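Me: Hi! I have a structure open and would like to walk through it with you. Could you help me make sense of it?

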Amino acid sequence: MDPFFAAAIFAFGLCFGSFLNVCIYRLPRDKSVVKPRSACPNCGDQIPLYHNVPVLSWLILRGRCRACKQPISPRYLLVELLTGLLFVACYSHFGLSLAMLKCSVLGYLLLGLIFTDVEMKLLPDAMTLTGLLLGIAFSLVVPVNDLASRIMPGLVSVSLRQQIPWRLWSLSDSLLGAAVGASFLYGAAAIYLRARGVEGMGFGDVKLMAMIGAFLGTRLTVLTIFAASLTGSLFGLSTVLAVWIKRTRRIVARGATPGEAHRRAWRSARLALRYYEMPFGVFLGGMALVAFIFGNQFLHWYWRAL
Ligand SMILES: [Zn+2]
């Protein structure tokens, strides 16, 4: 890894992260991301260009609007830094290549989607559907997974005629991944709706999974769904457990017997489980990125271990 390149890519990532912040705030609110210039959401004060420098501006203003002194969300700083780190991580893992570009684009979209899902419980079409098209387009220049490159070896010095099957294979893997991902989530959402009577997953999750499928191909898409369900369930269970423990302590402190406290705390925990809305997009997005970078290694290790 060239340190000069890495630093330049990091700075580049900070600027892209700055734009991503604008998208995270404006896209779920149906506002244009181009016009008007950035302004404080509280007082409407326009942010001058010299205060639009990623990270530095936030630090200099100590996270407050220069006009009304209202705090500016630390999310601005976080997204900028994460985008910078993401780009450098892609560079260090893939080198300067089209695969690096593909990984950066995927990670960039996922970062935006994770944060809009957390803040607004929304996954904007402008990100998911654009991502779906980009994922399909990328399958024509970067093999979707190692299956294609294993079946069509020596891709570099072959004639165009021999290249066609590889691209076709990769494209169909991408389309199939999108279809499998979307239908899996669609089925899960339908089952969830029938079982609990509330809408747990929206159509946004289905589109998100179509996008992930187009980038990852079938096998890694299935891996992503499994990993996201697992981490999501663990997160949900530990939330319920945390509610239970906290509640028990509070009830005991009020003078109830431990047995009585456990029972009453269990009732609150069950209620928490009933109304808990898991931001599933966050887990899908996070696991998709992990699967994209480490998924094939993991599957190889897994087949060998079997
Ligand atoms: Zn302000």
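Me: In which kind of crossing does helix 1 pass helix 3, left-handed or right-handed?

Reply: Happy to help! Keep in mind that this is a predicted model. Helix 1 makes a right-handed crossing with helix 3.

Me: And at what angle do the axes of helix 1 and helix 3 cross?

Reply: The two axes cross at roughly 135° and come within 7 Å of each other. That angle makes helix 1 oblique to helix 3, because only angles over 145 degrees count as roughly antiparallel.

Me: What residues make up that contact, in terms of nonpolar, polar and charged?

Reply: The contact of helix 1 with helix 3 has 17 nonpolar residues, 6 polar ones and 2 charged ones.

Me: Switching topic: which residues are the protein donors of the zinc ion?

Reply: They are Cys-40, Cys-43, Cys-65 and Cys-68, each through its SG atom, lying 2.3 Å from the zinc ion. Along the sequence, their spacing is C-x2-C-x21-C-x2-C.

Me: Where do Cys-43 and Cys-65 lie relative to the helices?

Reply: Cys-43 is in the loop between helix 1 (3-26) and helix 2 (56-60), while Cys-65 is in the loop between helix 2 and helix 3 (75-94). The pair therefore ties together parts that are 22 residues apart in sequence.

Me: Why is the arrangement around the zinc ion called tetrahedral?

Reply: Because the 4 donor atoms subtend angles of 106 to 116°. For four tetrahedral donors, the ideal angle is 109.5 degrees.

Me: Last one: is Cys-65 buried or exposed?

Reply: Cys-65 counts as buried, because its relative accessibility is 5% and the cut-off for buried is under 20%. Cys-43, at 37% relative accessible area, is partly exposed.

How values were computed
Residues numbered from 1 in each chain as written. Predicted model: local features only at pLDDT ≥ 70, side-chain atom pairs only at ≥ 80, totals over all residues. Heavy atoms only, no water. Donors = N, O, S within 2.8 Å, 3.2 Å for Na, K, Ca; no water. Tetrahedral: all angles 85-135°; square planar, octahedral: opposite > 155°, others 65-115°. Helix = DSSP H or I, 4+ residues; strand = E, 2+ residues; numbered from the N terminus. Buried < 20%, exposed > 50% of the residue type's maximum accessible area, 1.4 Å probe, protein only. Axes fitted to C-alpha atoms, helices over the stretch in contact; angles between N-to-C directions. Parallel < 35°, antiparallel > 145°, perpendicular 65-115°, else oblique. Left-handed = near helix turned anticlockwise from the far one by under 90°. Nonpolar A, V, L, I, M, F, W, Y, C, P; charged D, E, K, R; others polar.
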